[in-house]
Each structure stands twice: as C-alpha cells, then as structure tokens.
Amino acid sequence: MRALFKDIKGLVGCYETSPNFVAGEEMKNFPVLENAWMEVVGEKITGFGPMSTCPKIPSGKAQTISCANRYIIPSWCDSHSHLVYANDRAGEFLDRLRGLSYAEIASKGGGILNSAIALQKLPEDELFDRSLDRLLEIVRLGVGALEIKSGYGLTLKAERKMLRVIKRLKQVSPIPLRATFLGCHAVPPEFENSSDYTDHVIDDMLPQFVSEGLVDYVDAFCETGYFSTEDTARLMAASSKLNIKCKVHVNQFNILGAVNLCVSGGALSVDHLEIIDDADVSALKESLASGSPTFPVALPLCSHFLGLPYTPGRKLVDAGLPLTLASDHNPGTSPSGDMTEVVRLGSLKMGLEPIEAIAAATLNGAAAMELQDQLGTITPGKLANFFVTRRMNGLEEIPYRLNDVVVEKVYVNGEHWVG
Ligand code: NIG
Ligand code: FE
C-alpha cells in the first residue's frame, strides 16, 4: 500500500533521524509538526513534512487520507505487561474493596499464587487463545509493540508453558513482542524460602529457557515478602553470564536498595518506583551518563488500581531522566492494557505535560524494549505503526477528555487496522 496522510493537525514525534530515547527537557521538545503530511509505502514510513511541501501523487497511485483537526501519534510502545494469564482475579478484588490489602490477600493464598494455580491447570492452547484475544484487543487500542512477562507459572513446566505461549504469540502477532522470563515473581509454597527458589530458577530454569530461545529479558520482583536484593543480584549475575539483560520490579512498596543494584548490574529498566529516594535518583542519573541508561518505568494504572502513591514522574524528568510509561497489564494490580489511560494518568497524577507523557509511552517505551530502531517515532524507515486521533485542538485534550476515545484509526505495518 502507498498512502498519503494530509492536513494533519499535528504529526507527533517526527524526526528525520530518531534519537535512541529522550530524557529530561528533551521530553518537552518531543517534536510536533503542525499542518503536516506523512507518506507510508508498504509497511514503512517513507517521508513527512509541512503541507507546503506535500508531494503531488498522480491519482490512483496512492490512497489519500485527510487528517484535518486530527493528530498522528506513533503507536504506544508498552514495555511492561503480564498479558499471558489464565483468569482475572475479580473475586479477590471484592476482598480488597472490603478492606484487605494486597499483602493480606497474598497471605491468604490470593494474588500471584492464585494466578499460578489457575495457569498451571490450563492447557497451553487455551492459554494461547486467551492471550491472543487480549493482544488483539490492545492492538485495537493503539499499542504497536509490547513486552510480555512470564511469572505466573512458578514451576519449570508452567513457566515454560507461559514462555512458549509468548513465543507462539510472536509468530502470529501483528506487532513486535519481547519475552521476559519473570523467574522470581513469588515463592511457591513447596519451597522453604526465596533463596532456595532462586537457586532453582538460576540452576534449572534459566539455562534451559535461554537455550530454547524463549528469553529476551529476565525479571525479578524485588520486594519484602517476595525476593531480596541478594536473590535479585544472583539472578542478574546469572543472566548476565548468558548475555541477557534484566528488567526488574523494584520499589513498589518498599525501598530495598534495588535501584542501585540494578543500575550497577546494567539493567535495561527498573519498573514501578512508586516510592523512590534521592540515592535512587542519583544512581539513575549515573546510568544516563554512561550512555546506555537504565530506564525508570512508571506504571500509573497500578497506582490507580491499588491506591498506591504515583511514581514521581515530574521529579524524575526534572532530574534529566528518560522516564518511561507502561501499563503493567495484569489480573492483580492493573487489569487493563489501555495505554491512553496510562498517558492520561501521567498528566493528571504525575505532573507530566501531555507531550512528555506521550514521549514516555512511545520512544522511551520502545527503547526500554530495545526496539527504538523500528518504532517509537515517526521517522522514515521505521515501521508504520501509528494512530490517528479524534478531532482535537491540542494534545492537552487527551487527559482533559476523561472518558472520550482518543485513538480513532489504528495503522499497523502500514495497514489500516481498525477505525
Ligand atoms: O507488576 N508486583 C509484581 N507483579 C505484578 C503484579 C502481580 C499480580 O498481583 O498478579 C505487578 O504489579
Ligand atoms: Fe509488573
């Protein structure tokens, strides 16, 4: 297909040559070209510019799409999800409404262990079908690249089943996917402690899964009651020996010193950060100075759903960091993969300007999956994954229009997908 998008009110994130990520003040300068055109040939973006330079293509040679009063935004790049799971956990949500905390529900056998029991029982094909339905649903919501974690298996067999499902999803997915082995997510009851289970993950699961080509990244839930900084450090060291980078759940409920540990170990991202101290910010700044940063990934839907503090996004951007926004799509703490909602909360609750939140959910999301060469900006040569918005006078209408649909027409690999 050849298509010319004309009269675009604002072409967001357009660069002739894309940076690898944007940090600090650069995020406010994520470019928006007003009154623009963009051309797509096949599955790639091939050009863009102001309407005064719009190419004249003979009729019949290209499809022309008018985008008057509408923005074009690169697809959301969601770098943190737990999309592969068996069942929702609406039942325990009722317990939470009645006053039980996340920790209390977990100690009653709910939470991650509850998801693991359901997943262990579910045949692989059924798990695949349910996960594919969820994937296609979020593609319709404008997601153009996605990371998916294991971690609801908690046995070698069930973790492999999850990772195999992610591999099969990659084969049919219209969008690029990344597979993360979340080996250390919760300690299954048959293990004495987190250290013993970490041994099993490191000695038995990790090498096998890597040799089977199932792992792009490795993850741990470094948190009181889950895995210690020592467990996390050992898992990171084992991954590093196999040349696999880590993306780690840190600082969701407690500060354990994991940010510094992850930065020192060269982690690609540290995710959650609902609470964060000055030492954490300094560590992240040091990683930026090295040129290949550890991306701080905020998950505002999780804060919203659990009533936790929001990651201090404004503070992190003001510190010059490449803040990233992701969904954390999972049945326990964020039962949604709607990245528009994530961007909304980024503005409403984290003090980000809409353009900063968009940069965090597009280019920086792509970079937190090492997909920045293919996605995350409107740049000639990148994949034509983008969406056309509703009519808007300014990007501030994304958070302002609390319940309105923003993503109207979705394009994936240059093809009109929905809308
Ligand atoms: O990112 N915090 C750890 N893991 C998931 C939630 C897991 C669950 O409750 O099912 C998260 O929030
Ligand atoms: Fe998560």
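# A guided tour: from the ligand outwards

Start by selecting Arg-89 together with ligand 1: an N or O atom in the side chain of Arg-89 is 2.8 Å from an oxygen atom of the ligand. Keep in mind along the way that this is a predicted model.

**Stop 1: around ligand 1**

Stay with ligand 1 and add Gln-252 to the selection. Here a nitrogen atom of the ligand is 2.7 Å from an N or O atom in the Gln-252 side chain. Next, add Asp-328, which has a polar side-chain atom 2.9 Å from an oxygen atom of ligand 1. How much of ligand 1 does the protein bury? Taken alone, the ligand exposes 330 Å², and the protein buries 100% of that. If your viewer can draw cavities, show them now: ligand 1 sits in the largest cavity.

To see the whole neighbourhood, show the residues that surround ligand 1, of which there are 15. The closest are Arg-89, Tyr-102, Tyr-152, Gln-252 and Thr-333. Keep Asp-328 and Thr-333 visible, as both come back below.

**Stop 2: the iron ion**

Now select ligand 2, the iron ion. Which residues does the protein offer as donors? They are His-80, His-82 and His-249, each through NE2, and Asp-328 through OD. These donors lie 2.1 to 2.3 Å from the iron ion. Follow them along the sequence and you find the spacing H-x1-H-x166-H-x78-D.

Colour His-80 and Asp-328 to compare where they come from. His-80 is in the loop between strand S6 (76–78) and helix H1 (90–97), while Asp-328 is in the loop between strand S13 (324–325) and helix H12 (339–350), so the pair ties together parts that are 248 residues apart in sequence. Switch on a surface and look for these two: both His-80 and Asp-328 are buried.

**Stop 3: Thr-333, a neighbour of Asp-328**

Click on Thr-333, one of the closest residues to ligand 1. Thr-333 lies in the loop between S13 and H12, and that is also where you found Asp-328. Show both side chains as sticks: Thr-333 makes a polar contact with Asp-328 through them, at 3.3 Å. Is Thr-333 buried or exposed? Its relative accessibility is 5%, so it counts as buried.

**Stop 4: along helix H12**

Move on from the loop into helix H12 (339–350). Begin at its start with Asp-338, where a side-chain oxygen reaches to within 3.0 Å of the backbone nitrogen of Thr-340. Then colour the helix by accessibility. H12 is mostly covered, with 9 of its 12 residues buried. The buried set is made up of Met-339, Thr-340, Val-342, Val-343, Arg-344, Leu-345, Gly-346, Ser-347 and Met-350. Just after H12 comes Gly-351, which has a positive phi, near 75°.

**Stop 5: two asparagines**

Most residues other than glycine have a negative phi. With that in mind, select Asn-35, which is not a glycine and yet has a positive phi of about 50°. Asn-35 is found in strand S2 (residues 32–41), and with a relative accessible area of 44% it is partly exposed.

Jump next to Asn-413, where phi is again positive, at about 50°, although this residue is not a glycine. Where does Asn-413 lie? Look in the loop between strand S15 (407–412) and strand S16 (415–418). Asn-413 has 21% relative accessibility, so it counts as partly exposed.

**Stop 6: a few distances to try**

Finish with the distance tool, working from one C-alpha atom to another. Pick Ile-105 in helix H2 (residues 102–107), a buried residue at 7% relative accessibility. Its C-alpha atom is separated by 9.1 Å from that of Phe-93, 12 residues away along the chain.

Then choose Lys-149 in strand S7 (residues 143–149). Lys-149 has 0% relative accessibility and therefore counts as buried. The C-alpha atoms of Lys-149 and Leu-316 are 25 Å apart, with their positions 167 residues apart along the chain.

Your last pick is Arg-391, in strand S14 (residues 386–391). Arg-391 is partly exposed, at 48% relative accessibility. Draw a line from its C-alpha atom to that of Pro-207: the two are separated by 51 Å, and they are 184 residues apart along the chain.

Terms used:
Residues numbered from 1 in each chain as written. Chains lettered and ligands numbered in written order. Predicted model: local features only at pLDDT ≥ 70, side-chain atom pairs only at ≥ 80, totals over all residues. Heavy atoms only, no water. Donors = N, O, S within 2.8 Å, 3.2 Å for Na, K, Ca; no water. Helix = DSSP H or I, 4+ residues; strand = E, 2+ residues; numbered from the N terminus. Buried < 20%, exposed > 50% of the residue type's maximum accessible area, 1.4 Å probe, protein only. Near = heavy atom within 4 Å. Polar contact = N/O pair within 3.5 Å; in protein donor to acceptor, adjacent residues only side chain to side chain. Areas by Shrake-Rupley, 256 points an atom, 1.4 Å probe, with all protein chains shown as cover. 1 Å grid on protein atoms, 1.4 Å probe; cavity = no way out; pocket = protein on both sides within 12 Å on 5 of 7 lines; lining within 4 Å. Sits in = over half its atoms within 2 Å of the grid points.
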